[in-house]
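Visitor: I have a structure open and I'm not sure how to read it. Could you walk me through it, one feature at a time?

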Amino acid sequence: MNKLYLWGIIITIIMFAATFYTLVITAGDSGKGLSEILSNDIINSLAIAGAITLVIITVFVVIKYVRQMQTDTAQGQLIDEQWDGIGEYLNEIPKGWGIAFILTMVWGMWYFTIGYPLNAYSQIGEYNEDSAVHNAKFESKYSAITGDRLVDMGKSVFLAECKVCHGLNADGIDGKAADLNVRIEEKTVKFAIENGSNNHLLGSEMPMPDRNGLFNSNTGALITDAEIDIVSKYVANGMSGAGEDVFMGTCAACHGEDGKGMEYVAPSVATFTPELVTNILNHGKKGSIGQMPAFERLNAKQKEAVGAYVTDLSK
Amino acid sequence: MFHWLEKHPFFFSVGVFLVIAFAGLVEILPSFAQASRPVIGTKPYSILETTGRQIYIKNSCNACHSQLIRPFKSETDRYGHYSLSGEYAYDRPFLWGSKRTGPDLMRVGNYRTTDWHENHMKDPAGVVPGSVMPAYRWMYTNIADIPTAYAEQLTNAQFFSVPYNEPIPMKDGTTEVVKMGNNVTQAHAMALAEAKEIAADMKDQNVKDAVARGEIPEIVALIAYLNSLK
């Protein structure tokens, strides 16, 4: 027998012994018997079988090639060129290799032109898909809601976006923002009369004039400080008390006799309306307290819902 | 030549390096240059905004607030459009931050205003119940350091070619010019003009008085900076 095979068998036996020894240690650690480990778990049995097969194959494949190196002689025609004294046979390329090479090139071209550009992962692409799915879900679930559900939705949007300034109870946190539990505060009315107003409300570009453009038709003169005081209280009081005559003479021409506003002319000062709130969310507002920014990232339904909630608050 | 290369492994390695490096540069540099160009609508910081930015850094606002909106629906719903790399073109250094104890401030100028910041910096928990942000009352009395901000502006203009006094294209097709003073006195006058607009929207009488006297409290500069984040 060749010495090589003898070595192969010796190495195989040593490796089997090592495998067995490892198994015995494992069994000892787990407190179970060797046969118990092998029979209870098919994975263990498979692993052992695999280890044995691997040892046998490895040893004998190595032996095959070592023998080939020992016994093979060179055949075929050498090409002329040499590289550092190393020559090369003029052989055909192996067919399987050649086919694989060409297929790789074809795949490379496909990947370069179609595969990568069309299937590549992009974070923005994933974001766009996520947003589309979310928007479609929102549309199907909420686009038709009305009444109490709309008010509920408005409340949740309010708690997410508006409470930071207007407060959890929409009371404006001690005058830091408008108190939304009433339609309008006295100082706000006064500010609008003194300074005029143009918040592009209700789609109108026409500004409300300041006090130098506000006539009281009852007296035929510009509105006076006393009249401003009394009419501000009247409006802030929910259109009641003294001052009705000033309101009729000065404000009613645009805001209506009942103060509920006129479409495309002036907003309602008697009650909140969803349209009014949506407009303020779209354009923002600058008034007696400070500036309110526009909230353009809310969608149309959310704005409508906030309008419904705010209208509901001041009822 | 190839035979020669094959016999000289060192130069062969150099050749391989050059080829791969060239391919890398051709791939990377153009897209890098494209991405770092300022986005349309991104303006350099004015003198008061630069001052505010230095105050933002001085008080380590970036330790709790990020300035980077990731492209997730949950973030864009809350903070607005996700951040683009070109929007940081004039940020030296950028203030991305790495932790959000407070909310992201990348576009805070879109949804908070001067009067809100004034209330909030004085007493955060009074506006946002449960807020853990500390009050920054000294900002209402500390006077902002305009000369240092002007030095930063000057460095940005001269060494980094930040386009001051040049038309900057805006999103609506118009252009805007961000002016920079020729000297410290002029810069201070420009900062004061900006500060007057901010102070007009503020309530704190001490701040208003200081601005009327020609001094700029830190809070005014910080609010100018926060309002510029859009």
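Guide: Let's begin with helices and strands: these are DSSP runs, H or I over at least four residues for a helix and E over at least two for a strand, numbered from the N terminus. Take A:T250 as a case: this residue sits in helix α10 of chain A, residues 244-255. Before we go on, this is a predicted model, where local features need pLDDT of at least 70, side-chain atom pairs count only at pLDDT 80 or more, and totals for chains, interfaces and linings use all residues. Residues are numbered from 1 along each chain as its sequence is written, while chains are lettered from A and ligands numbered from 1 in the order in which they are written.

Visitor: Is A:T250 buried or exposed?

Guide: The idea is to count neighbours: a residue is buried if 20 or more other C-beta atoms lie within 10 Å of its own, exposed if 12 or fewer, and partly exposed in between, with C-beta atoms placed from the backbone. A:T250 has 23 C-beta neighbours inside 10 Å, so A:T250 counts as buried.

Visitor: And which residues does A:T250 touch, leaving out those up to four places away in sequence?

Guide: Two residues are in contact if their C-beta atoms, placed from the backbone, lie within 7 Å. Not counting residues up to four places away in sequence, A:T250 touches A:L214, A:F215, A:N216, A:I223 and A:V231. You can also look at distance in space: A:T188 is 62 residues from A:T250 along the chain, and their C-alpha atoms are separated by 17 Å.

Visitor: Let's zoom out. How many helices and strands does chain A have?

Guide: Twelve helices and four strands. To judge how spread out a chain is, we use the radius of gyration, taken over C-alpha atoms, and the globule rule, which is 2.2 Å times the number of residues to the power 0.38. Chain A comes out at 44 Å, well over the 20 Å that the rule gives for 315 residues, so chain A is more spread out than a compact globule. Its C-alpha atoms fill a box of roughly 130 × 65 × 35 Å along the principal axes. Of the 315 residues of chain A, 20% count as buried.

Visitor: How is chain A divided into domains?

Guide: Domain bounds come from an automatic or database domain assignment. Chain A is divided into domain 1 (3-71) and domain 2 (146-313). Taken over C-alpha atoms, the centres of these two domains of chain A are separated by 87 Å.

Visitor: What about chain B: how many helices and strands are there?

Guide: Chain B has eleven helices and two strands. Its radius of gyration is 23 Å, well over the 17 Å from the globule rule for 230 residues, so chain B too is more spread out than a compact globule. The box filled by the C-alpha atoms of chain B is roughly 85 × 45 × 35 Å, and buried residues make up 30% of its 230 residues. The domain assignment gives domain 1 (2-36) and domain 2 (47-228) of chain B, with 44 Å between their centres.

Visitor: Can a loop residue be a good example too? Where does B:Q67 lie?

Guide: B:Q67 lies in the loop between α3 (47-58) and α4 (73-79) of chain B. With 22 C-beta neighbours inside 10 Å, B:Q67 counts as buried. Beyond its neighbours within four places in sequence, B:Q67 is in contact with residues including B:W96, B:D104 and B:M106.

Visitor: How many residues does each chain bring to the contact between chain A and chain B?

Guide: The contact takes 19 residues from chain B and 19 from chain A. On the chain B side, α4, α5 (108-111) and α6 (114-122) each supply at least two residues. The largest share, four residues, comes from α6 of chain B.

Visitor: Last one: what is a nonpolar core?

Guide: A nonpolar core is a set of buried Ala, Val, Leu, Ile, Met, Phe, Trp, Tyr and Cys residues joined through C-beta atoms within 7 Å. In soluble globular proteins, nonpolar side chains tend to be buried together. Here the largest nonpolar core has 39 residues, and B:I47, B:I146 and B:A221 are among those with the most contacts inside it. The largest share of this core, eight residues, comes from α11 of chain B. Apart from it lies another core, of 26 residues, among them A:V157 and A:L276.
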